[in-house]
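Q: Please take a close look at one part of this model, the aromatic pair and the helices around it. I would like a connected account that I can follow with the structure open.

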Amino acid sequence: MQSTRSSVANWLFSIYGLFTVLSLCGFTGYYLWQAWPSLILSGMQWQRSLYNTLSELLFDAKTEPLTASISLISLSLLYGILHSLGPGHGKVIVSTYVATHPTKVAASLWITLLSALMQAIVAISLVSILRFIYQTSMRDISAYADTFVTGSFYAVIVLGLGLITRSLRTLWEMQTSKKRPKAAGCATQTCCHHHASATSMNQATSKKELASIIASIGIRPCTGAIMVLLFANMVDMYWLGVISAIVMALGTALTTSTLAMMTISGKKLVQFYLKSTPNTHSALTDFRPIIQIIGGAALVILGMVMLQSQVPGMSAVF
């Protein structure tokens with residue numbers, strides 16, 4: 001009788017804790033939703049001001065290389081941080097994947113860092129090839145950049161479809177394993193299907209899947225990097241523009257990795273409360289493939305919406 005009361009108390013405590021966490025997340029999300037338009041407008045104004053300053057520093061670097069270069073690198077990092085605060089599919093991809101998959105902290109950091117660096121590399125390669133080899137105008141470079149943007153949206157759709165397919169396969173394996181006889185060493189009939197689920201979840205962080213995520217984000221060149229590279233070429237300081245583009249990517253990675261860590265922390269906090277109720281935690285494990293299917297569907301919808309709403313000309317990237 002006492003053990004029953006204790007289990008009921010633990011269950012009520014976990015439900016109360018989960019309700020508290022979800023309420024805090026809801027209030028925070030509502031506040032951010034209300035303040036988001038003004039934050040976006042302020043961010044655009046800061047970015048425009050920083051970009052003007054970056055252009056001036058590139059021009060000043062011809063006469064004062066050391067001082068202007070240090071200031072340019074510092075402002076490039078700040079530009080990358082502020083630039084990544086705006087709307088973009090990169091943050092949605094990272095947060096969705098981290099929230100719905102058992103991704104480790106190290107893997108999340110690698111995703112954000114490599115995808116941001118890939119954006120800078122794509123921008124540098126695009127400008128370098130088109131300007132120095134084909135002598136392309138800025139308008140044509142913008143058109144080529146739009147092609148890469150469109151490709152990144154298709155990549156998001158393919159990524160979402162891949163996650164849905166893998167999750168459906170995992171769900172099928174879990175359902176078929178429930179019908180198999182209990183194997184030696186398993187304490188219960190459901191033990192074996194939990195082993196199969198754990199194996200499938202470990203495959204979720206495979207190098208191939210992480211590479212797909214990085215490619216879907218990084219294939220889209222950084223707008224700020226392209227603009228800085230073009231201006232740096234005009235003032236014959238192209239090497240400094242390359243450095244600025246890479247530092248921008250590091251600033252972008254810093255913001256996105258912070259978002260990924262916040263997502264992981266929130267997920268672990270929810271799991272902590274659910275662990276006190278074994279039945280609830282077991283049910284959550286069984287429903288994890290369904291949650292991952294929902295995450296994949298969200299990415300497919302995101303890619304389709306961004307394809308429909310894409311406007312010509314380079315826009316915010318991450």
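A: In this predicted model, Phe132 has a relative accessibility of 42%, so Phe132 counts as partly exposed. Phe132 also belongs to a nonpolar surface patch, together with Ile129, Ile133 and Tyr134. The accessible area of these four residues together is about 450 Å². Ile133, a member of the patch, lies in helix α4, which covers residues 105-133. With a relative accessible area of 58%, Ile133 is exposed, because the cut-off for that class is over 50%.

Phe132 also takes part in an aromatic pair, and 1 such pair is found in a search of the whole structure. The partner of Phe132 is Tyr238; the ring centres are 4.9 Å apart and the planes stand at 90°, so the pair is edge-to-face. An angle over 60 degrees is what that class requires. Phe132 sits in helix α4 and Tyr238 in helix α9 (residues 238-274), so the contact ties together parts that are 106 residues apart in sequence. In contrast to the partly exposed Phe132, Tyr238 is buried, at 15% relative accessibility.

The helix that carries Phe132 can be checked for length. The 29 residues of α4 should span 42 Å at 1.5 Å a residue, and the end C-alpha atoms are 41 Å apart, which agrees. Just after α4, Gln135 has a positive phi of about 55°.

Helices α4 and α9 also contribute to the interior: each supplies at least two residues of the largest nonpolar core. This core has 19 residues, and those with the most contacts inside it are Ile93, Ile213 and Leu299. At least two residues each also come from α3 (89-100), α5 (138-178), α7 and α10. The largest share, 5 residues, is that of α5.

Helix α7 (residues 207-218) can be checked in the same way as α4: its 12 residues should span 16 Å at 1.5 Å a residue, and its end C-alpha atoms are 16 Å apart, which agrees. Its buried residues are Glu209, Leu210, Ile213, Ile214, Ser216, Ile217 and Gly218. Among them, Ile213 is one of the core residues with the most contacts.

Helix α10 covers residues 278-309 and contains Ala298. Ala298 is partly exposed, with a relative accessibility of 38%. Between Ala298 and Val92 the C-alpha to C-alpha distance is 9.3 Å, although the two residues are 206 residues apart in sequence.

Terms used:
Residues numbered from 1 in each chain as written. Predicted model: local features only at pLDDT ≥ 70, side-chain atom pairs only at ≥ 80, totals over all residues. Heavy atoms only, no water. Patch = residues over 30% accessible without salt bridge, like charges linked within 9 Å, V, L, I, M, F, W, Y side chains within 5 Å. Areas by Shrake-Rupley, 256 points an atom, 1.4 Å probe, with all protein chains shown as cover. Salt bridge = Lys/Arg side-chain N within 4 Å of Asp/Glu carboxyl O. Helix = DSSP H or I, 4+ residues; strand = E, 2+ residues; numbered from the N terminus. Buried < 20%, exposed > 50% of the residue type's maximum accessible area, 1.4 Å probe, protein only. Phe/Tyr/Trp six-rings, centres within 6.5 Å; stacked < 30°, edge-to-face > 60°. Expected span 1.5 Å × (residues − 1). Core = buried A, V, L, I, M, F, W, Y, C linked by side-chain atoms within 4.5 Å.
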